[in-house]
Amino acid sequence: MNLHEKYIKRCIQLAKNGIGTTYPNPMVGSVVVLNDTIIGEGWHKKAGEPHAEVNAINAVEDRSLLKNATIYVSLEPCSHFGKTPPCAHLIVEMGIKNVVVGIVDSNSKVSGKGVKYLIENGCDVFVGVLENECYQLNKRFFTFHAKKRPFIVLKWAETKDGFIDKLRNETDAVSPNWISNTYSQQLVHKMRAEEQAILVGTNTALNDNPSLTVRSWGGNNPIRVVIDRTAKIPSNYNLLNGTTKTIVFSEVKQVINSYENVVFEQINFKENVLQQICDVLYKYEIQSIIIEGGKQTLQGFMDADLWDEAVVFVGDVLFEKGLKAPELKKAPFEIKEISNDTLSIYKNY
Ligand code: AOF
Ligand code: ZN
């Protein structure tokens with residue numbers, strides 16, 4: 001590992017102190033280095049509060065050291081007046097001449113402009129260190145700004161022979177939760193806690209009456225999103241009740257909304273339904289969403305190429321017939337990570 005990587009790695013470590021508190025801002029870490037020694041470090045804690053670079057610079061006791069120091073930051077320093085003043089301006093004012101940036105920002109308010117400002121004002125700027133790690137750290141934030149939609153995680157469970165569900169009329173023993181080991185169930189709830197929203201289609205909503213809340217794990221419930229074209233989900237169903245917010249996409253206009261935590265969004269079901277849903281979620285500033293089925297909905301997101309990761313649980317059972325799982329393995333993208341034989345994570349970026 002070279003010097004730049006060593007310090008950007010430290011920036012990433014620092015950034016992670018902000019897990020769960022920085023939204024809608026990204027997690028960012030920064031260190032100020034002189035003679036291969038860290039003389040100040042900081043991270044972004046909360047939207048509206050100082051950015052990582054400001055905290056790192058403020059941590060340097062002897063300001064006279066700054067003119068010979070290098071500042072490392074896991075994300076391009078900002079150049080805009082947002083909730084806080086621009087970090088790129090501060091770096092220049094403080095006389096810091098060397099700047100090392102992990103990755104360029106994808107927020108159009110900043111993207112490239114921070115680096116440009118620094119160069120125009122005499123800084124020596126090195127961009128692109130541990131880029132992949134820096135991207136992973138804020139993959140939701142990057143996708144949200146670059147694609148103007150949430151980061152989309154598809155999740156399903158399939159049998160060893162590639163079925164996602166039995167056919168409903170074949171047996172009463174049909175259960176969507178046929179993967180029942182405690183580990184995988186906990187993992188599903190952990191995943192729910194990590195994303196900002198969770199979506200199911202009409203069939204899943206009607207057949208399973210799911211709550212879509214986080215139970216076997218800590219953390220907040222995601223915002224629930226359901227596609228219900230003709231508004232036929234019964235009013236006593238879990239998704240329309242409880243303290244968690246639910247967004248219902250339908251084609252009928254809701255004249256009276258008697259539900260406490262439910263909002264109805266009217267869209268046109270004749271074209272590009274999933275893109276319209278993404279547009280609305282973008283408007284709500286939802287940076288990530290997990291799609292929990294069913295088959296038709298998952299297939300729809302895949303066909304529209306509206307997905308970033310697919311997490312597939314492969315159970316130790318055979319159905320022999322039923323609803324075929326989406327044909328992920330034959331599609332032209334790379335399987336980047338397989339953590340063990342029961343969980344495969346596919347990345348579409
Ligand atoms: C952060 N923390 O350490 C860096 C950020 O509204 P503001 O002023 O807080 O600006 C937020 C934007 O600033 C954010 O979307 C990102 O593009 C950029 N950089 N943001 O929250 C940081 N360096
Ligand atoms: Zn900033």
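Here, a residue counts as near a molecule if its C-beta atom, placed from the backbone, lies within 6 Å of it.

**View 1. The shell around ligand 1 in this predicted model.** Ligand 1 has 17 residues surrounding it. Closest in are N25, V28, H51, G82 and N107. Sort the shell by residue class and you get 9 nonpolar, 6 polar and 2 charged.

**View 2. Strand β10, covered on both faces.** This strand takes in residues 246–250, and 5 of its 5 residues are buried. Look at one side and you find T246, V248 and S250; the other side carries I247 and F249, and all of these are buried.

**View 3. The strands that pair with β10.** Strand β9 (residues 223–227) runs parallel to β10, with 4 bridges joining them. Pick out V225 and you'll find that its bridge partner in β10 is I247. Strand β11 (residues 262–266) also runs parallel to β10, this time through 5 bridges. Here S250 sits opposite Q266 of β11.

**View 4. N138, a buried loop residue.** The loop holding N138 lies between α5 (131–137) and α6 (139–147). N138 counts as buried because it has 25 C-beta neighbours inside 10 Å, and the cut-off for that label is 20 or more. Leaving out residues up to four places away in sequence, N138 touches P26 and M27. A15 is 123 residues from N138 along the chain, yet their C-alpha atoms are separated by 9.9 Å.

Terms used: Residues are numbered from 1 along each chain as its sequence is written. Chains are lettered from A and ligands numbered from 1 in the order in which they are written. This is a predicted model: local features need pLDDT of at least 70, side-chain atom pairs count only at pLDDT 80 or more; totals for chains, interfaces and linings use all residues. Ala, Val, Leu, Ile, Met, Phe, Trp, Tyr, Cys and Pro count as nonpolar, Asp, Glu, Lys and Arg as charged, and the others, Gly among them, as polar. A residue is buried if 20 or more other C-beta atoms lie within 10 Å of its own, exposed if 12 or fewer, and partly exposed in between; C-beta atoms are placed from the backbone. Helices (H or I, at least four residues) and strands (E, at least two) are DSSP runs, numbered from the N terminus. Two strands pair if DSSP finds at least two bridges between them. Two residues are in contact if their C-beta atoms, placed from the backbone, lie within 7 Å.
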